[in-house]
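Work through the following exercises with the sequence and the coordinates side by side. Each task is followed by a solution that proceeds step by step.

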Amino acid sequence: DANRIKVGQVGGCDVLVYVCKLSPSYQVLEQACAAIGNICKKNRTNRSLMGSVGCCEMLLSVLSLSPPERTAVQAVRAIGNVAMRAPENQLKFAAGNGLRLLLQLIETLSLRLAPVEQQVCMEHNLSAQNRRGASPASGGSQYNTPRGGDKNQTQHQESFL
């Protein structure tokens, strides 16, 4: 906790936001977002400092780049810590279309995290329906996915945070 306070006192918040604004490297963005998340955890002063130096807008711009998953996860984590108990930052995220960007990210990640067996099953069922000529308009289901009782169904347990 003492180090978090020191980082904020010596201008670390400004530096991290500046680095993110200038860096074209996703690896640098990932590490800077991780550092932002860390120094804002349990530190209202740093949250306020981050909000005042444009961190909220910068984190949203990182997400709008459709970064690699690891970078996106660190940006989302930073958003959570920067917004925690900081209504002024929460408003900035809301005003910057933060909810839309987060929902797009969740949709993208959930599509990538779908179990391969389930994807294959869905493709097989969709292919079979197309051969039979079934369509949603004619009463056929667009997707046939395995039900909970299927012993061969793989459950995806991984969390991205």
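**Exercise 1.** Determine whether Cys 33 is buried or exposed, and establish how many disulfides a search of the whole structure finds.

*Solution.* Begin with the accessibility of Cys 33, bearing in mind that the model is a predicted one: the relative accessible area of this residue is 0%, and because buried means under 20%, Cys 33 is buried. Next, turn to the sulfur atoms, for which the search over the whole structure returns zero disulfides. Cys 33 accordingly takes part in no disulfide, and the nearest cysteine sulfur, which belongs to Cys 20, is 4.6 Å away, whereas the criterion asks for a pair of sulfur atoms within 2.5 Å. Cys 56 can be treated in the same manner: its nearest cysteine sulfur is that of Cys 55, at 5.9 Å, and Cys 56 is in no disulfide. Finally, the relative accessibility of Cys 56 is 0%, which places this residue in the buried class.

**Exercise 2.** Find which side chains meet in salt bridges, and describe where the partners of the pair Glu 30 and Arg 70 lie.

*Solution.* The search of the whole structure yields two salt bridges, which can be taken in turn. In one of them, the side chains of Asp 1 and Arg 4 meet with an N to O distance of 2.5 Å; Asp 1 is exposed, with 62% relative accessible area, while Arg 4, at 21%, counts as partly exposed. In the other, the side chains of Glu 30 and Arg 70 meet with an N to O distance of 3.2 Å. Glu 30 belongs to helix H3 (residues 26–40) and Arg 70 to helix H6 (residues 69–83), so this pair ties together parts that are 40 residues apart in sequence. As for accessibility, Glu 30 counts as buried at 11%, but Arg 70, at 61%, counts as exposed.

**Exercise 3.** Examine the backbone at Lys 42 and Asn 97, and state what sign phi has at Lys 42 and at Asn 97.

*Solution.* Lys 42 is not a glycine, and yet its phi is positive, at about 55 degrees. Its place in the chain is the loop between H3 and helix H4 (44–52), and with a relative accessibility of 67% Lys 42 counts as exposed. Asn 97, likewise a residue other than glycine, has a positive phi near 65 degrees. This residue is found in the loop between helix H7 (87–95) and helix H8 (98–113), and its relative accessible area of 42% makes Asn 97 partly exposed.

**Exercise 4.** Characterise the protein as a whole by stating how many helices and strands it has, what percentage of its residues is buried, and what area it exposes.

*Solution.* Start from the secondary structure, which consists of nine helices and zero strands, so that the pattern read along the sequence is α-α-α-α-α-α-α-α-α. Then consider burial: of the 161 residues in the protein, 34% are buried. For the contacts, restrict the set to those with a separation of 6 or more; within this set, residues 24 or more positions apart account for 66%. The last step concerns the surface, where the protein exposes about 10,200 Å², of which carbon and sulfur atoms supply 55%.

Key:
Residues numbered from 1 in each chain as written. Predicted model: local features only at pLDDT ≥ 70, side-chain atom pairs only at ≥ 80, totals over all residues. Heavy atoms only, no water. Buried < 20%, exposed > 50% of the residue type's maximum accessible area, 1.4 Å probe, protein only. Salt bridge = Lys/Arg side-chain N within 4 Å of Asp/Glu carboxyl O. Helix = DSSP H or I, 4+ residues; strand = E, 2+ residues; numbered from the N terminus. Contact = heavy atoms within 4.5 Å. Areas by Shrake-Rupley, 256 points an atom, 1.4 Å probe, with all protein chains shown as cover.
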